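I opened a new page in my notebook today to look around one protein chain. Come along and check each entry against the picture as you read.

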Amino acid sequence: MSYQSMVITFLGTGTSCGVPQLGCVCSVCRSSDPRDRRMRSSVLVETKGKRILIDCGPDFYFQMLHRPFQSFDAVLLTHSHYDHTGGLDDLRPFSKLQTVDVYADADTAKKILMRDAYCFSDTMKYRLPHLSMNEIKAHQTFFIGDVKITPIEVIHGKTPILGYRIDDFVYITDMKTAAESEIDYIKGARLLVLNALRFKPHPTHQSLDEAIVFANKTGVSPVYFTHMSHEIGLHEETSKGLPPGMFLAYDGLTLKI
């Protein structure tokens with residue numbers, strides 16, 4: 001099988017507080033290593049002539065500031081939490097080029113349409129964001145041009161949210177658990193991005209050890225971890241203890257598959 005190249009850019013790899021965390025003076029928050037500075041989690045996927053953004057958090061403006069100005073063919077939302085959706089208003093200049101299609105499950109769509117209704121209105125089109133909401137469901141595949149996208153259901157604490165398989169790339173964030181059946185939607189991928197909050201267990205997010213266990217079940221390699229807090233430790237030190245084929249992602253990292 002021949003593959004067209006896909007480029008994945010990590011725009012942010014941090015958790016809801018970002019790294020450095022305000023008010024913290026730990027070694028990670030004081031680190032001079034740029035890999036230890038983490039904006040809120042988001043990735044840009046470019047493939048088959050399409051630009052697809054996964055999540056649009058409150059750091060979106062800064063994540064885009066020094067990148068080429070091009071619109072997006074789709075914005076995929078994993079869930080409604082602010083650290084993943086707080087930048088939707090900043091899609092405003094991009095929506096002047098074309099209406100930006102946003103994809104989300106029913107619960108996320110309902111919450112976003114209530115909170116950010118003005119972003120999805122036809123009134124004052126050229127002064128406000130012009131976004132279009134598209135409801136999707138777990139396991140129901142859809143296409144952006146020739147790009148195949150399958151939403152995957154994972155559990156964030158006790159709440160179902162979405163991960164995404166985009167052709168042979170899988171992106172999952174904020175997961176605590178997932179049904180064993182979801183692994184079938186991941187197997188055979190060529191790259192897996194998975195959340196790993198910290199070393200200690202957390203009630204709503206995977207720890208690093210839990211993420212490693214889940215990653216091994218999928219059989220996918222390589223695996224890059226994202227949505228990391230300052231409690232993940234220094235990038236250089238933590239990376240040395242990871243299993244073969246597993247890596248910490250960092251802001252600005254670009255991968256090609």
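**Entry 1: strands and helices.** Before looking anything up, I wrote down what my labels mean: helices (H or I, at least four residues) and strands (E, at least two) are DSSP runs, numbered from the N terminus. I also noted that this is a predicted model. With those labels I could place Glu 153, which sits in strand 8, residues 147-156. For the whole chain I counted six helices and 14 strands.

**Entry 2: more on Glu 153.** Is Glu 153 buried or exposed, or somewhere in between? I found it partly exposed, at a relative accessible area of 33%. Next I looked up its contacts, leaving out residues up to four places away in sequence. The list reads Ala 138, His 139, Pro 160, Ile 161, Ala 178 and Glu 182. His 139 is 14 residues from Glu 153 along the chain, and their C-alpha atoms are 7.6 Å apart.

**Entry 3: the overall shape.** I then stepped back to see the whole chain. Its C-alpha atoms fill a box of roughly 50 × 45 × 35 Å along the principal axes. A compact globule of 257 residues would have a radius of gyration near 18 Å, and the chain has 17 Å, so the two agree. I noted that 53% of the 257 residues count as buried. Among contacts with a separation of 6 or more, 65% are between residues 24 or more positions apart.

**Entry 4: surface and charge.** The accessible surface of the chain comes to about 11,700 Å². Carbon and sulfur atoms hold 52% of that surface. How many charged side chains of each sign are there? I found 28 positive and 29 negative ones, and the centres of the two sets lie 2 Å apart.

**Entry 5: the cysteines.** I went looking for disulfides next. A disulfide is a covalent bond between the sulfur atoms of two cysteines. The cut-off I needed is that the two sulfur atoms lie within 2.5 Å. By this rule the count is zero. Cys 24 is in no disulfide, as the nearest cysteine sulfur, that of Cys 26, is 3.5 Å away. Cys 56 is in no disulfide either, and for this residue the nearest cysteine sulfur belongs to Cys 119, at 9.5 Å. I also checked how covered the two residues are: Cys 24 is partly exposed at 22% relative accessible area, while Cys 56 is buried at 0%.

**Entry 6: two cis peptide bonds.** Where are the cis peptide bonds that I noted? One joins Val 19 and Pro 20, with omega about 5°. Pro 20 belongs to the loop between strand 1 (6-12) and strand 2 (42-47). Another runs from Ser 221 to Pro 222, with omega near 5°. I placed Pro 222 in the loop between helix 5 (208-218) and strand 12 (223-226).

**Entry 7: positive phi.** Which residues did I note for a positive phi without being glycine? Asp 55 has phi near 70°. I found Asp 55 in the loop between strand 3 (50-54) and helix 1 (60-64), and at 0% relative accessibility it counts as buried. Asp 167 has phi of about 50°. Its place is the loop between strand 9 (159-166) and strand 10 (169-171).

**Entry 8: Lys 137.** This residue lies in the loop between strand 6 (131-135) and strand 7 (142-144). Lys 137 is exposed, at a relative accessible area of 54%. I set it beside Leu 162: the two are 25 residues apart in sequence, and 8.6 Å apart in space from C-alpha to C-alpha.

**Entry 9: Asp 73.** My last stop was the loop between helix 1 and strand 4 (74-76), where Asp 73 lies. Asp 73 counts as partly exposed, at 22% relative accessibility. What does Asp 73 contact, leaving aside its neighbours within four places in sequence? I wrote down Gly 49, Lys 50, Arg 51, Gln 98, Asp 101 and Ile 144. Ile 144 is 71 residues from Asp 73 along the chain, yet the C-alpha atoms of the two are separated by 7.3 Å.

Note on methods. Residues are numbered from 1 along each chain as its sequence is written. This is a predicted model: local features need pLDDT of at least 70, side-chain atom pairs count only at pLDDT 80 or more; totals for chains, interfaces and linings use all residues. Side-chain values use heavy atoms; hydrogens and water are left out. Buried means under 20% relative accessible area, exposed over 50%, partly exposed in between (1.4 Å probe, protein chains only). Contact means heavy atoms within 4.5 Å. The radius of gyration is taken over C-alpha atoms; the globule rule is 2.2 Å times the number of residues to the power 0.38. Accessible areas come from the Shrake-Rupley method with a 1.4 Å probe; for residues, only the protein chains shown count as cover. Lys and Arg count as positive and Asp and Glu as negative; His and the chain ends are not counted. The place of a charge is taken as NZ of Lys, CZ of Arg, CG of Asp or CD of Glu.
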